[in-house]
Amino acid sequence: MNIFITGANRGIGYALVQKGLTDGHRIFAGVRSLDSETGKELINQMETTDKLTVLQVDVTNEESVIQAKEDIQKKTGYLDAIINNAGILLESKSDIEELDIEACKQSFDVNTLGPLRVIKHLLPMIKKGNQPSILNISSDAASLTNAYAGNYPYGMSKAALNMLGEKLDRSLKGEDIQVLSIHPGWVKTDMGGQNASLDPMEPTEGIYRLLERQTNVDKGSRFIDFNGNKMKF
């Protein structure tokens, strides 16, 4: 499979790259900075396999996304999957009276509009794929019925991401394109912290089972956990 992954230089994104390569998939790894430590590590890894292509892509910049699409098209004419993993967590401990509105805007720009930009420009390549998937990495923080106090920018931007997934799923009705918003659990990453309960590889394995359609997802809501179980909206 040809798979494009954003936020590929750390956390779940990095684990998704490594799992994909181990399974023999062709991975296009989107990283915001090629100069970061893990960005350089991925570039060095390209020397050991022809299955990995590292791309500089800033999901907040539409021209950057377009360039990434053009770079992918130099290698292949189609994609079988997009995993919109890039995300940020800002102002998580701030009360509403203290919120930095610019940080809120940035959260939407990355967490919601970033996937929108990627899908906008790469959907034609997905439509040429084999049983293709668009997987948006969401969060239980996006649930309206299970909402908790605080963490405004992240929760709101991920709830909006879920709506993007629902609308896209309806728009693609009749086409064999799987659209899912996936809660990966509380994972030991820079974002989740070291007190989290899951190693990044655990949700990664579940995400690949979904991508490869080994896990069946019931009709209805596209908001699920990495094992395919329905999440509460």
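1. Two strands are said to pair if DSSP finds at least two bridges between them. By that rule strand β2 (residues 26-31) and β3 pair in the parallel sense, over 5 bridges. One position in this pairing is Val 31, whose bridge partner in β3 is Gln 56. The model is predicted, and the remarks below should be read with that in mind.

2. The sheet as a whole has 7 strands and is open. Its strand order is β3-β2-β1-β4-β5-β6-β7, with parallel pairing. β3 (52-56) and β7 are the edge strands, each of them pairing on one side only. From one strand to the next, the twist averages 20°.

3. Which neighbours does β6 pair with? Strand β5 (residues 133-137) pairs with β6 in the parallel sense over 5 bridges, and Ile 137 stands opposite Ile 182 in β6. Strand β7 (residues 223-225) also runs parallel to β6, and 3 bridges join the two. Here Ser 181 stands opposite Phe 223 in β7.

4. Is strand β6 (residues 178-183) enclosed or open to the outside? Of its 6 residues, 6 are buried, so the strand is largely enclosed by the rest of the structure. The side chains can be sorted by direction: Gln 178, Leu 180 and Ile 182 point one way from β6, while Val 179, Ser 181 and His 183 point the other way. Residues of both sets are buried, so a polar name such as Gln 178 should not be read as a sign of exposure in a strand where 6 of the 6 residues are buried.

5. The connection from β5 to β6 deserves a separate point. β5, helix α6 (residues 152-171) and β6 together make a β-α-β unit, and the unit is right-handed.

6. Two further helices lie across the sheet strands. Helix α3 (residues 62-73) lies across β1 (2-5), β2 and β3, and runs at about 155° to β3. Helix α7 (residues 201-211) lies across β1, β2, β4, β5, β6 and β7, running at about 165° to β6.

7. Helix-to-helix packing is described by the angle between the axes and the distance between the axes. For helix α1 (residues 11-22) and helix α2 (residues 37-45), the angle is about 10° and the axes are 12 Å apart. Angles under 35 degrees count as roughly parallel, which makes α1 roughly parallel to α2. On the α1 side the contact is made by Tyr 14, Val 17, Gln 18 and Leu 21, and on the α2 side by Glu 41, Leu 42 and Gln 45. Sorted by class, this contact has 4 nonpolar, 2 polar and 1 charged residues.

8. The loop between β4 (81-84) and α4 (101-111) holds Ile 88, and Asn 85 lies in that loop too. Are these two residues buried or exposed? The cut-off for buried is under 20% relative accessible area. Asn 85 counts as buried because its relative accessibility is 12%, and Ile 88, at 17%, counts as buried as well.

9. What does Asn 85 touch? Leaving aside residues up to four places away in sequence, Asn 85 touches Thr 6, Gly 7, Ile 12, Gly 13 and Ile 137. Ile 137 is the residue that stands opposite Ile 182 in β6. For Ile 88, a distance can be given to Asn 61: the two are 27 residues apart in sequence and 15 Å apart in space, C-alpha to C-alpha.

Definitions and conventions: Residues are numbered from 1 along each chain as its sequence is written. This is a predicted model: local features need pLDDT of at least 70, side-chain atom pairs count only at pLDDT 80 or more; totals for chains, interfaces and linings use all residues. Side-chain values use heavy atoms; hydrogens and water are left out. Axes are lines fitted to C-alpha atoms, for helices over the stretch in contact, and angles run from 0 to 180 degrees between N-to-C directions. Helices (H or I, at least four residues) and strands (E, at least two) are DSSP runs, numbered from the N terminus. Angles under 35 degrees count as roughly parallel, over 145 as roughly antiparallel, 65 to 115 as roughly perpendicular and the rest as oblique. Contact means heavy atoms within 4.5 Å. Ala, Val, Leu, Ile, Met, Phe, Trp, Tyr, Cys and Pro count as nonpolar, Asp, Glu, Lys and Arg as charged, and the others, Gly among them, as polar. Buried means under 20% relative accessible area, exposed over 50%, partly exposed in between (1.4 Å probe, protein chains only). A crossover is right-handed if, with the strands pointing away from the viewer, the path from the first strand over the helix to the second runs clockwise.
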